[in-house]
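The exercises below are meant to be worked with the sequence and the coordinates side by side. Try each task before reading its solution.

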Amino acid sequence: MHKRALGAAAISGVAALVLAGCGGGSSTPSASTAAGSSASESASSTASAAAPAEVDTKDPSRADADLVIWADSDRAPILTKYAAQFAEENAITVAVQIATETRKQFGDATKVGKGPDIVVGAHDWLGELVQNGSVAPVQLDEATAAKFAPAAVAASKFNGQNYGVPFSIENIALVRNTDLAPDAPATLEELLTAAKAAKSADSGVSVLLDQPVGKTGNAYFTYPWLSAYGGGIFAVKDNGDYDPDKVIVNSADSLKGAEQLAQMGKDKVLSTNVGDDNAEGIFTGGKAPFFITGPWAIPNIEKAGINYAISNLPTLPGGEAMKPFLGVQLFYVSSKANNAALAQEFVTNYVPTKEFQLAIFEAGGRPPALIEAYEEVAAANPNVKAWYEAGKDGLPMPNIPAMNSVWGPLGQAAADVIAGKSAPKARFDAAQKEIEKAIAGS
């Protein structure tokens, strides 16, 4: 599974940036006394950063502050500016902690009152966090919600209730080495023609289409092959929610995608010898003209000096264009927040602003979820526009708990048909049964 699909943006503490007079061993004013003179004096002091503090990953705990935010190492430094500003405006102390904990650890910390008030995380955590009672609904009014990309708003909801405020969207696309493949292919046939020409012209090319598969497969990268024929993982309800009771892995449409994967393996276009551990290196080493990947790979591609371009995934024979899953990053409010009103105010008043979204974009490089911010960035950054175009017809990755039962079985089924170990229908029928059994037993 690629980094995002397994929640690599997940959280824990390895260092803390404690702002607006917060930190040390002294006590801090609570929200109920925030208007008092001592709190006002604390908030009016110059914001400062405490020395990095290790947090026990087995027993993570919040910093000593009125409002605590957990974020990853990329975004935490950006958040410190806004945390300090929010602290001053509300006469409170605010702490931003750099975190790497998993969603389970966040849930465990929240249950015992040690978790943060606000946490930054992937939207596909949502169903599990709601099921565990770890996050609270976020009251985002219709006018504010309308400022975001519709898919980002959809990803923030579970059972019709909003639980987060989105700030970025990501998806996979087709990245090509423009020295090997100057033109963007519209179809798989065009891609293969160009890839074979590149291999004939350059003896260093050994992989026609670089996509992580691996011995155990990768369901995240499998899905677009199914979606091109109208297939997928779960049926979608009339309200847009995924239906965990209707698995469609072995539907007629999904099987068309499985058959195409089998053909890609037979033609040695895709291989289980290419996985998460070496796919990026193959492309940065100039060994492949095309690479199906996401924005997380771009820094190393640029570092390697590869001339590249980003384009839409191709149309498959007899089908439509491959459609990727969308991943959305959210600000969640803990259900056990020490200061729930302040947490709600921060995520609903700060996060939906263009200034905030642009600042977060600079840290992560993902297209902003706020339409106004996206339009400004896309006008100046062709990569951002290219990622958006490649994912505009995609659906958010399922955020229902049942998705946890899908990754292993679907990934392995795809690997087996690519390797030629099993016929597509028999293997995907087996995967369907395994997924349904796991969901029923979870």
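**Exercise 1.** In this predicted model, determine which element gives the most to the lining of the second largest pocket, and describe the surroundings of that pocket.

Solution. Helix H6 gives the most, contributing three residues to the lining of the second largest pocket. The volume of this pocket is about 420 Å³. Its lining comprises 22 residues, of which Ala154, Lys157, Gly240, Asp241 and Tyr242 are the closest to the centre. Turning from residues to elements, those that give two or more residues to the lining are helix H6 (150–155), strand E6 (157–158), strand E11 (242–247) and strand E15 (395–396).

**Exercise 2.** Work out the strand order of the open sheet that contains E12, E9 and E13, and then examine how E12 is paired and covered.

Solution. Begin with the order, which is E12-E9-E13 in an open sheet of three strands with antiparallel pairing. Strand E12 (290–293) and strand E13 (308–311) are the edge strands, each pairing on one side only. Neighbouring strands of the sheet are turned against each other by 25° on average, direction ignored.

Next, take the pairing of E12 with strand E9 (residues 173–177), which is antiparallel and extends over four bridges. Ala173 has Thr293 of E12 as its bridge partner, while Arg176 is partnered by Phe290 of E12.

Then consider the faces. In a regular strand, side chains alternate between the two faces of the sheet. In E12, Phe290 and Ile292 lie on one side and Phe291 and Thr293 on the other, and all of them are buried, so that both faces are covered. Finally, helix H15 (residues 382–391) lies across E9, E12 and E13, and runs at about 35° to E13.

**Exercise 3.** Check whether the end-to-end distance of helix H16 agrees with its number of residues, and establish how far the helix is covered.

Solution. Helix H16 (residues 407–418) has 12 residues, which at 1.5 Å a residue should span 16 Å; the C-alpha atoms at its ends are 17 Å apart, and the two values therefore agree.

For the covering, apply the cut-off of under 20% relative accessible area for a buried residue. By this criterion 10 of the 12 residues of H16 are buried, and the helix is mostly covered. Among the buried residues are Trp407, Leu410, Asp416 and Ile418. What covers the buried residues includes helix H8 (219–227), helix H9 (252–266) and helix H17 (424–441). Just after H16, Gly420 adopts a positive phi of about 80°.

Key
Residues numbered from 1 in each chain as written. Predicted model: local features only at pLDDT ≥ 70, side-chain atom pairs only at ≥ 80, totals over all residues. Heavy atoms only, no water. Pairing = 2+ DSSP bridges. Axes fitted to C-alpha atoms, helices over the stretch in contact; angles between N-to-C directions. Contact = heavy atoms within 4.5 Å. Expected span 1.5 Å × (residues − 1). Buried < 20%, exposed > 50% of the residue type's maximum accessible area, 1.4 Å probe, protein only. 1 Å grid on protein atoms, 1.4 Å probe; cavity = no way out; pocket = protein on both sides within 12 Å on 5 of 7 lines; lining within 4 Å. Points joined across faces, edges and corners; volume = space filled by probe spheres on them.
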